[in-house]
Amino acid sequence: MTIAFFGEVMLRLSPPGRELLLQTPKLEVNVGGAEANVATGLACLGHATRMISAVADNPLGGAVIGELRRRGVDTSTVASEEGRLGLYFLTPGAGLRASEVVYDRAHSVFATRPADSWDWDRLLEGATRLHLSGITPALGHNTAEAAIAAAEAASARGVPVSFDGNYRAKLWEAWDSDPRAVLNQLIGHADILFGNHRDVSLLLGKPFSGEGSDRRREAAEAAFAHFPRLQTIASTARHVDDADSHRVSARVDTRGGAHQTDEVLIAGIVDRIGAGDAFAAGVLHGLIESDGDARAAAKSGLALTALKHSLPGDASLFTRADLAAFEAGGLDVRR
């Protein structure tokens, strides 16, 4: 069982500690990218994952491929081509100062690759699921067309599609985009959606007036009615006290009902970036292991996203043993 992931893999550059960008002339480097983060999280949990992407044919692209391989992700479908690798810069938040992202990914190898250059017959061979996110189509016409072609190819082959909304306004606004039209087309192929009531409101062009769980259920039912293939919607609710302390709960809606976890306090946050991708990995892991049980998916999604907040870098590197220890609740040193 191999899950395929299509998206851009990049380098993240950030100042050490809680410094401002270039406060001192030092930057820490991590491999990032929403789809690659989910692939990594699942690989560390023992699942077979395959990355479909394109990187620069230079030492930076080579480092990206090497890091994904080291984490257990199959990179045989990552192309190396002349051009530049996408980057982004992160200034971590602290206290009442929010984190800030600066993108430097325009004209990257992945973003400029023609949509018809992806051989989906070969790239999806043996795949049992395709995972996409809203970041890929937000990069421009080429990637939007490629993402749609990927979803269509998967559907034609009977390969289920999971989709993470990951709405990035800065990326969509950089070109003459129509995010609602593109995202509706993509989610029309999905059986699993990672997104909340705000995402559904954007997709359907309508507000949801309820509060809390009632509003989330109203939005889920509207999405199920609009997208016939959709079977599962997974989301988190996050309350931010400050940059170091968040309260998070997880929810999984199905056509037959929903399960929402209790809220957990995540204090002493090390790195929030990639927590949503860790949640997606945890939910997919829970669905696979439990044969589609919403309660198990919400539980493992919450566990993995909570753990990710303790880890520097973009991706979850936690194992099944780490999940089991989290669920057991012991916070003392494991000896």
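This briefing covers the fold, one sheet, one helix, the salt bridges and some backbone details of a single chain. The model is predicted. The chain has 13 helices and 14 strands. Its radius of gyration is 19 Å, close to the 20 Å given by the globule rule for 335 residues, so the chain is as compact as a globular protein of that length.

**Overall dimensions and burial**

- The C-alpha trace spans about 50 × 50 × 40 Å along the principal axes of the chain.
- Of the 335 residues in the chain, 54% are buried.
- Arg238 and Glu82 are 156 residues apart along the chain, and 41 Å separates their C-alpha atoms.
- Arg238 sits in strand E11 (residues 232-242). Its relative accessibility is 24%, so Arg238 counts as partly exposed.

**The four-stranded sheet**

- An open sheet is built from four strands in the order E3-E2-E6-E7. Its pairing is mixed.
- E3 and strand E7 (100-104) take the edges. Each has a single partner strand, so one side of each lacks a neighbour in the sheet.
- From one strand to the next, the twist averages 25°.
- Strands of a sheet pair through backbone hydrogen bonds, in either a parallel or an antiparallel manner.
- E2 and strand E6 (residues 87-91) run parallel and are joined by three bridges.
- Leu13 stands opposite Phe89 of E6.

**A nonpolar surface patch**

- Leu21, Leu22, Leu27 and Val102 make a nonpolar surface patch of about 310 Å².
- Leu21 belongs to the loop between strand E2 (10-14) and strand E3 (28-32).
- The relative accessibility of Leu21 is 32%. This value lies between the 20% and 50% cut-offs, so the residue counts as partly exposed. Patch residues need over 30%, so Leu21 at 32% passes that cut-off too.

**Helix H1**

- Helix H1 covers residues 34-44. Ten of its eleven residues are buried, so H1 is largely enclosed by the rest of the structure.
- The buried residues of H1 include the polar-named positions Glu35, Asn37 and Thr40. Also among them are Ala34, Ala36, Val38, Ala39, Gly41, Leu42 and Ala43.
- Gly46 follows H1 and has a positive phi, near 95°.

**Salt bridges**

- The structure holds 16 salt bridges.
- Side chains of opposite charge can pair when their charged atoms come close.
- Arg70 and Glu67 join their side chains in a salt bridge, at 2.6 Å from N to O. They are three residues apart in helix H2 (residues 59-70), so about one helical turn separates them.
- The two ends of that pair differ in cover: Arg70 is exposed at 62% relative accessible area, whereas Glu67 counts as buried at 17%.
- Arg157 forms a salt bridge with Asp121, and their closest N and O atoms are 1.8 Å apart. This pair links distant parts of the chain, 36 residues apart. Arg157 is in the loop between helix H6 (141-156) and strand E9 (161-164), while Asp121 is in helix H4 (residues 120-123).
- Arg157 is partly exposed, with a relative accessible area of 38%. Asp121 is exposed, with 52%.
- Asp241 and Arg247 form another salt bridge, with 3.1 Å between the closest N and O atoms. Asp241 counts as partly exposed at 40% relative accessibility. Arg247 also counts as partly exposed, at 29%.
- Arg217, Glu221, Arg251 and Asp253 are joined into one network by salt bridges that share partners.

**Positive phi outside glycine**

- His107 is not a glycine, yet its phi is positive, about 65°. The residue is in the loop between E7 and helix H3 (109-112). At 65% relative accessibility, His107 counts as exposed.
- Asn166 also has a positive phi, near 40°, in a residue other than glycine. Asn166 lies in the loop between E9 and helix H7 (169-172). Its relative accessibility is 14%, under the 20% cut-off, so Asn166 counts as buried.

Conventions: Residues are numbered from 1 along each chain as its sequence is written. This is a predicted model: local features need pLDDT of at least 70, side-chain atom pairs count only at pLDDT 80 or more; totals for chains, interfaces and linings use all residues. Side-chain values use heavy atoms; hydrogens and water are left out. Patches are made of residues with over 30% relative accessible area and no salt bridge: like charges are joined within 9 Å, nonpolar side chains (Val, Leu, Ile, Met, Phe, Trp, Tyr) within 5 Å. Accessible areas come from the Shrake-Rupley method with a 1.4 Å probe; for residues, only the protein chains shown count as cover. A salt bridge is a side-chain nitrogen of Lys or Arg within 4 Å of a carboxyl oxygen of Asp or Glu. Helices (H or I, at least four residues) and strands (E, at least two) are DSSP runs, numbered from the N terminus. Buried means under 20% relative accessible area, exposed over 50%, partly exposed in between (1.4 Å probe, protein chains only). Two strands pair if DSSP finds at least two bridges between them. Axes are lines fitted to C-alpha atoms, for helices over the stretch in contact, and angles run from 0 to 180 degrees between N-to-C directions. The radius of gyration is taken over C-alpha atoms; the globule rule is 2.2 Å times the number of residues to the power 0.38.
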